[in-house]
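Reader: I've got the sequence and the coordinates open, and I'd like the labels justified one by one. Can we go through them, value against cut-off?

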Amino acid sequence: MKILLTGGRGMVGRNILEHPLAVGLDIHSPSRNELDLRDKNSVRRYIEALEPDLIIHAAGRVGGIKANMNFPYEFLLENLEVGTNVIASAFDVGVPRFLNLASSCIYPKDVDGALTEDMILGGVLEPTNEGYALAKITALRLCEFISTRSNSIKYKTLIPCNLYGPYDKFDLTSAHLIPAIIAKIHAANLNGESTVEIWGDGSARREFMYVEDLATAVLQAALDYELTPSIINIGLGYDHTVLDYYCAVADAVKWNGDFTFDTSKPAGMRQKLLNVERQTAWGFRPSHSLQMGIRKTYDFYKRTNKQ
Ligand SMILES: NC(=O)c1ccc[n+]([C@@H]2O[C@H](COP(=O)([O-])OP(=O)(O)OC[C@H]3O[C@@H](n4cnc5c(N)ncnc54)[C@H](OP(=O)(O)O)[C@@H]3O)[C@@H](O)[C@H]2O)c1
């Protein structure tokens, strides 16, 4: 099986490439310099020449709450362009299999309880990441519409919860919650600071999965394509408070300070938890505990961070 992996230099892409299940697979993963996915003609030509049996689409403009709030136009436009270019070119060229990566941001904001796959487009989106979500929903729908047109071409979408792990962005301007916490608490520890500030009151709940577990799910879907549902949440099925994540990182860093809370800052959705019944029936279960994942991520940060 010849596989085209987009976004191979990103967090998800690198974890797929380094995963034990990827050993021996024929995976082609051009960098942005080799193939800019916003350039429709180049994307089409590349796919035509490669003739992949499967595309894993893990490229996109991805960022935390600050970046999404500051650049909604860029998050919508770039993800829309990249998604439509790759999906439409794959379909035009006749690539039979496609694994599209969406995000739990695509779900409506005011839902009680865990999010099931049939809730997509069932309500208003969280405004802090609306641009990103609209692009991701469009890509998901394109995959669905393509699959209803043909018996031999079936495009599928995995909807991961929030992720963290090696190759995450630890720069505070674009970081998601966990790498931002790691960078903040590591710096506080180095600088002998006794407090670290949390946006909001720390009670918002978040579901974060260690990225190697997502890579396992993606490769399971690639290797077991026919049995993979066409739309499937990939998550933990349980969550923690923002304060729990701060405490877990403080433990890993061995920092003994206190937290302060800035309730004037946006804290995002109160809760966003994926229902994992479909995932469980499919036969996938993440293997990393929060402590294990945070420890491996902090080890990676210490190895790669030069400050
Ligand atoms: N991170 C999460 O918490 C999370 C959660 C749920 C779903 N996801 C989804 O998982 C996928 C991968 O996310 P990630 O965390 O791995 O993001 P990431 O680390 O930012 O990686 C994204 C990759 O996409 C590439 N890319 C972006 N625009 C491109 C373009 N125009 N041409 C070529 N390459 C381009 C980037 O290339 P450069 O390296 O050159 O910038 C980068 O390698 C995304 O679809 C995201 O929505 C992520």
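Reader: What makes the pairing of Asp-36 with a nitrogen atom of the ligand a polar contact?

Author: A polar side-chain atom of Asp-36 lies 3.0 Å from that nitrogen. A polar contact is a pair of N or O atoms within 3.5 Å (inside the protein, one must also be able to donate a hydrogen and the other to accept it, and sequence neighbours count only if both atoms are side-chain atoms), so the pair qualifies. Lys-169 passes too, with a polar side-chain atom 2.5 Å from a ligand oxygen. For Met-11 the polar atom is a backbone one, 2.8 Å from an oxygen of the ligand. Bear in mind that the model is predicted: local features need pLDDT of at least 70, side-chain atom pairs need 80 or more, and totals for chains, interfaces and linings use all residues. Residues are numbered from 1 along each chain as its sequence is written, and side-chain values use heavy atoms, with hydrogens and water left out.

Reader: How do you know which residues are around the ligand, and which of them come nearest?

Author: A residue counts if one of its heavy atoms lies within 4 Å of the ligand, and 26 residues do. Met-11, Val-12, Tyr-132, Lys-136 and Lys-169 come nearest.

Reader: How many of those are called nonpolar, polar and charged?

Author: The shell splits into 14 nonpolar, six polar and six charged residues. Asp, Glu, Lys and Arg are the charged class; Ala, Val, Leu, Ile, Met, Phe, Trp, Tyr, Cys and Pro are nonpolar; everything else, Gly included, is polar.

Reader: Why is the contact between Glu-34 and Arg-9 called a salt bridge?

Author: The label needs a side-chain nitrogen of Lys or Arg within 4 Å of a carboxyl oxygen of Asp or Glu. Here the N to O distance is 3.9 Å, so the pair makes the cut. Glu-34 sits in the loop between strand E2 (26-28) and helix H2 (40-50), and Arg-9 in the loop between strand E1 (2-6) and helix H1 (11-17), so the bridge ties together parts that are 25 residues apart in sequence. Those element names are DSSP runs numbered from the N terminus (helices H or I, at least four residues; strands E, at least two).

Reader: Why is Glu-34 called exposed or buried, and what about Arg-9?

Author: Under 20% relative accessible area is buried, over 50% is exposed, and partly exposed is in between (1.4 Å probe, protein chains only). Glu-34 has 56%, so it counts as exposed. Arg-9 has 45%, so it is partly exposed.

Reader: What makes Glu-78 and Arg-61 a salt bridge, and where do they sit?

Author: Their closest N and O atoms are 2.9 Å apart, so this one meets the distance limit as well. Glu-78 lies in helix H4 and Arg-61 in the loop between strand E3 (54-57) and helix H3 (65-70), so the pair joins parts 17 residues apart in sequence. Glu-78 is buried at 16%, while Arg-61 is partly exposed at 27%. Both belong to a network of salt bridges with Arg-38 and Glu-81. The structure holds 13 salt bridges.

Reader: What makes Met-1, Leu-21 and Leu-223 a nonpolar patch?

Author: Patch residues have over 30% relative accessible area and no salt bridge; nonpolar side chains (Val, Leu, Ile, Met, Phe, Trp, Tyr) are joined within 5 Å, and like charges within 9 Å. Take Leu-21, in the loop between H1 and E2: its 37% makes it partly exposed, so it clears the area bar. The patch covers about 260 Å², an area from the Shrake-Rupley method.

Reader: What makes the phi of Leu-121 worth flagging?

Author: Leu-121 isn't a glycine, yet its phi is positive, about 70°. Most residues other than glycine have a negative phi. Leu-121 sits in the loop between strand E4 (97-101) and H5, and its 53% makes it exposed. Tyr-167 also has a positive phi, near 70°; its place is in the loop between E6 and helix H6 (177-190), and at 25% it counts as partly exposed.

Reader: Why is Trp-255 called buried or exposed?

Author: Its relative accessibility is 6%, so Trp-255 counts as buried. It's in the loop between helix H8 (242-253) and strand E12 (258-262). Trp-255 and Leu-190 are 65 residues apart in sequence but 9.3 Å apart in space, C-alpha to C-alpha.

Notes:
Accessible areas come from the Shrake-Rupley method with a 1.4 Å probe; for residues, only the protein chains shown count as cover.
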